[in-house]
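Okay, thanks everyone, let's get going. I'll put the structure up and talk you through one cavity and a few charged pairs.

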Amino acid sequence: MKKIVIFLVFVYVLTAFAVDIDAATKLEIKILEKLVLDITGKKNPLVYFIGLSKKKVNLLTRYSVLKKAKTEASADFVFIKDINKKFYATKPTVALDYSSFKKCENCIGLFTWRNGRPILLLIEENLIKFHISLPEDYKYFIESKNFNIGKK
C-alpha cells in the first residue's frame with residue numbers, strides 16, 4: 001500500500017509540473033532561439049523582455065537556452081511587445097507585434113504570426129548599425145528600411 005501511495009504522489013508531481021505546449025509555441029520558441037543565437041553568437045545569451053507576459057517569458061526561458069537578463073544594459077538581446085510609446089533600441093531588438101515595431105527606433109526586426117504562419121522581417125540598415133552579419137539562411141527575411149509591410 002505504501003508503494004502505491006508513493007507512486008501516485010510521484011505521478012501527480014510529474015503531471016502537475018508538466019506543461020504541454022502546442023506545436024505553434026514550440027515552433028516560435030525554436031525560431032526565436034535560433035535568431036538570438038545566430039545574432040549574438042553566444043551559447044546562453046541574456047535576453048531582456050519588455051511588455052511580454054510572465055507566461056511567455058517563462059516559456060521562452062524554460063524551453064530554450066535563452067536566459068533572462070535583469071536589466072536591458074546587461075542583456076545581449078531584447079524582445080519588445082505591446083509598447084505604447086517610442087522606444088530607442090540600444091541593443092539588438094526584435095518586436096513581437098507590428099505596432100511595437102513601428103514605435104521602435106533601430107529595431108532590427110519583427111517576428112509575428114499572420115494567418116497561422118510565422119513572419120520574420122529583418123531590417124538591413126539596422127543590422128548594419130549593430131554590426132550583425134547573419135548566415136545565408138536569413139537572406140529571404142532581410143528587407144530595406146523603406147519596405148512597406150502590410151501594404152499591397
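So, the lining of the largest cavity: its residues split into 3 nonpolar, 1 polar and 2 charged. For that split, Ala, Val, Leu, Ile, Met, Phe, Trp, Tyr, Cys and Pro go down as nonpolar, Asp, Glu, Lys and Arg as charged, and the others, Gly among them, as polar. By name, the lining is T25, E28, I29, K56, L59 and L60.

Before I go on, this is a predicted model, where local features need pLDDT of at least 70 and side-chain atom pairs count only at pLDDT 80 or more, while totals for chains, interfaces and linings use all residues. Residues are numbered from 1 along each chain as its sequence is written, and side-chain values use heavy atoms, with hydrogens and water left out.

What do I mean by a cavity? On a 1 Å grid over the protein atoms alone, it's a set of points where a 1.4 Å probe fits but cannot get out, and lining residues have an atom within 4 Å of a point. Points are joined across faces, edges and corners, and the volume is the space filled by probe spheres set on them. That gives us 1 cavity of 30 Å³ or more, and the largest has about 30 Å³ of space in it.

Which helices build the wall? α2 (23-40) and α3 (54-62) each put in at least two lining residues; helices here are DSSP runs of H or I, at least four residues, numbered from the N terminus.

Now the charged pairs. Side chains of opposite charge can pair when their charged atoms come close. I'm calling it a salt bridge when a side-chain nitrogen of Lys or Arg is within 4 Å of a carboxyl oxygen of Asp or Glu, and the structure has 5 of them.

Back at the cavity lining, E28 and K56 make one, with their closest N and O atoms 2.7 Å apart. E28 sits in α2 and K56 in α3, so this pair ties together parts 28 residues apart in sequence. Buried or exposed, what is E28? It's buried, at 10% relative accessibility, and K56 is partly exposed at 22%. The cut-offs are under 20% relative accessible area for buried, over 50% for exposed, and partly exposed in between, with a 1.4 Å probe and protein chains only.

K34 and D38 also form a salt bridge, 2.7 Å from N to O. Both are in α2, 4 residues apart, about one turn of the helix. K34 is partly exposed at 39%, and D38 is partly exposed at 24%.

Last one: K139 with E136, closest N and O atoms 3.8 Å apart. K139 comes out partly exposed at 47%, whereas E136 is exposed at 58%.

Conventions. 1 Å grid on protein atoms, 1.4 Å probe; cavity = no way out; pocket = protein on both sides within 12 Å on 5 of 7 lines; lining within 4 Å.
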